[in-house]
Amino acid sequence: MQSVEQDIWRNASVNPEKVAVKSGKEIVTYAELTARIVVAMEKLQQLPDYAPGKCIIVGASKQIEFVYIYFGAHLAGLTVAPIDTETNPDRFAYISNTLHPICVIGLDRITTETPILSLKEFKSLNNISGNTVSDEIKFPPADSIADILFTTGTTGTPKGVPLTYLNEAAAVRNINSFIRNSTDDVELLALPVSHSFGLGRLRCCLANGQTIILLGSFVNLKKFFRTIEEENVTGLTMVPASWKFIEKMSGEKLAEYSPQLRYIEMGSAFFSAEDKRRLAELFPVTRVTMHYGLTEASRSAFMEFHEDISHIDSVGKASPYTDIKIYSEQGRPLDTNEEGEICIKGEHVTKGYAYIDNDNTFYDSYFRTGDYGMIDVDGYIYLKSRIKELINVGGKKVSPSEVDEQILKIDGIEDCACVGIPDPEGIMGELVKAYIVKSAGSSLTIEEIRKALTGKLESYKLPVEYEWIEAIPKTQNGKIQRNLLK
Amino acid sequence: MEEKIINTIASILEVEPSEIELDTAVGDLPEWDSMHHIQIIAALEKAYGIKYAAEDLAEIEDVADLISLTQETIG
């Protein structure tokens with residue numbers, strides 16, 4: 001199996017003039033893309049502490065320069081840690097202290113002792129035109145680490161997930177086999193490009209030799225619809241919150257484009273059976289797919305809303321080239337219809353977390369997801385519950401303890417516990433609510449708490465509701481019983 | 001009305017009103033994401049006691065569009 005980078009080079013040789021990426025006014029062919037990736041690689045190789053195997057942290061939402069830097073870093077043998085541009089200072093400090101990056105790119109608001117480069121410094125790459133494809137490239141070995149992604153751990157401490165070139169190439173193969181996108185497809189990506197879902201789409205499209213348009217956000221729907229129309233977009237990617245937003249802000253307008261849309265990929269958060277049926281109806285000729293997956297085991301199950309309408313409550317079946325088993329709490333494989341932990345095996349699955357021991361990461365060679373469920377006789381996987389207490393805000397995972405920790409730093413607070421509540425607007429899925437125990441004699445107000453949290457956490461992690469409470473329910477061992485607060 | 005709408009947008013996005021121009025497009029400022037956009041629409045609907053039609057909301061490109069849509073919706 002070839003790496004995504006090798007696929008891009010192959011596509012550039014076969015079809016150099018084909019448009020690879022569009023972003024705003026920038027239109028980049030495959031030949032230009034490879035030329036710019038090479039220049040980005042050379043620029044990164046000149047960093048003071050550069051050596052293959054070192055790491056860089058990169059953030060971006062829709063900037064095309066991210067694409068050059070991301071693949072250029074790979075060709076330079078660097079491991080990339082893509083992070084949210086909104087990452088809060090504590091989380092950034094943790095990631096940075098763990099990785100010791102040689103450079104931080106695209107996070108201009110962060111203060112750090114590590115050298116910082118702005119994406120603007122890579123803007124001149126857009127002037128490089130390339131008609132020939134350099135064939136002197138040394139591609140990194142398949143088993144070396146391409147990326148390290150940080151997930152939200154239940155304790156609030158991020159966990160580093162290393163992914164090799166092989167992992168990423170295997171994920172691309174699995175996803176493209178299911179979605180059946182062709183080289184003629186034009187995909188509109190309105191999710192941030194440095195997020196794992198968006199980044200996955202970037203790899204899938206470019207490895208496939210098709211065109212991807214970076215929009216960065218759904219917020220300007222007029223622009224979104226105009227792009228679909230003018231660029232004759234045939235593929236879309238959404239999280240459930242994106243669909244809810246589109247629906248609220250434009251009704252069924254997206255369905256007007258249904259004849260031209262060949263595929264839609266959804267994922268990252270719960271989507272109700274009712275919503276799935278509705279999308280199947282609105283897009284009768286589109287392949288409307290949804291994945292179940294984790295950073296550690298990207299898109300491990302898939303469903304298509306028309307084909308799988310009779311099992312619409314499930315998360316689909318194991319993705320192509322993927323094996324899923326259910327294990328008991330004792331680590332014993334279970335039979336069909338028996339409930340236990342969902343565990344995944346495949347070439348796309350991480351070899352284990354970085355910097356921590358992996359004693360509890362696998363059962364046999366199957367990755368433990370922490371999700372509970374069962375597989376029926378037809379191979380459909382049903383999710384029952386998650387062991388983790390994470391709050392899912394529009395597809396972004398929030399650890400309640402991370403929010404608790406910031407609130408507890410405020411003077412006048414005795415104790416607190418955050419939980420997920422349904423978004424009353426029905427858009428984001430869940431939002432954060434904080435239950436707070438005030439210290440004796442404190443005159444603290446909710447407004448003061450809100451103010452104190454500003455800038456300490458990403459905005460989606462900030463509680464939208466607060467409630468004063470006498471005491472936080474806890475077990476005898478002192479563990480917060482969040483389920484009692486819901 | 002123009003000033004009131006601009007002030008509403010600025011306060012929700014937590015930016016200075018001077019950063020919001022009539023031709024500022026929805027999503028131009030990094031703070032102007034989907035979540036904040038929903039809050040802006042909800043705040044204006046509440047302030048003017050109106051309900052925008054979804055098909056009209058889909059036509060908003062910038063602040064000027066939002067102001068004229070508000071005027072039209074009030075009637």
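**Exercise 1. Characterise the side of chain B that touches chain A in this predicted model.**

Solution. Begin with the contact count: 16 residues of chain B are in contact with 18 residues of chain A. Next, assign the chain B residues to helices and strands. Both α2 (34-48) and α3 (54-57) of chain B supply at least two residues of this side. The largest share, 4 residues, comes from α2(B). Finally, sort by class: the side of chain B that touches chain A has 9 nonpolar, 3 polar and 4 charged residues.

**Exercise 2. Determine where the largest nonpolar core lies with respect to the domains of chain A.**

Solution. The core has 156 residues, and those touching the most other members are A:Ile56, A:Val58, A:Phe66, A:Ile69, A:Ala81 and A:Leu189. Helix α2 (residues 30-45) of chain A gives the largest share of this core, 9 residues. Because domain 1 (4-375) and domain 2 (391-485) of chain A both give residues to the core, it lies between them. For a local view, take A:Ile69: with neighbours within four places in sequence left aside, A:Ile69 is in contact with A:Ala40, A:Val58, A:Ile105 and A:Phe122.

**Exercise 3. Identify the edge strands of the 9-stranded open sheet in chain A, then examine the pairing of β13 with β14.**

Solution. Write out the strand order: β2-β1-β10-β9-β11-β12-β13-β14-β15, with mixed pairing. The edge strands are β2 (26-29) and β15 (317-318) of chain A, each of which pairs on one side only. Within the sheet, strands β13 (residues 287-294) and β14 (residues 297-304) of chain A run antiparallel and are joined by 5 bridges. At the residue level, A:Tyr292 stands opposite A:Ala301 in β14(A).

Definitions and conventions
Residues numbered from 1 in each chain as written. Chains lettered and ligands numbered in written order. Predicted model: local features only at pLDDT ≥ 70, side-chain atom pairs only at ≥ 80, totals over all residues. Core = buried A, V, L, I, M, F, W, Y, C linked by C-beta atoms within 7 Å. Buried ≥ 20, exposed ≤ 12 C-beta atoms within 10 Å, placed from the backbone. Domains from an automatic or database assignment. Contact = placed C-beta atoms within 7 Å. Nonpolar A, V, L, I, M, F, W, Y, C, P; charged D, E, K, R; others polar. Pairing = 2+ DSSP bridges.
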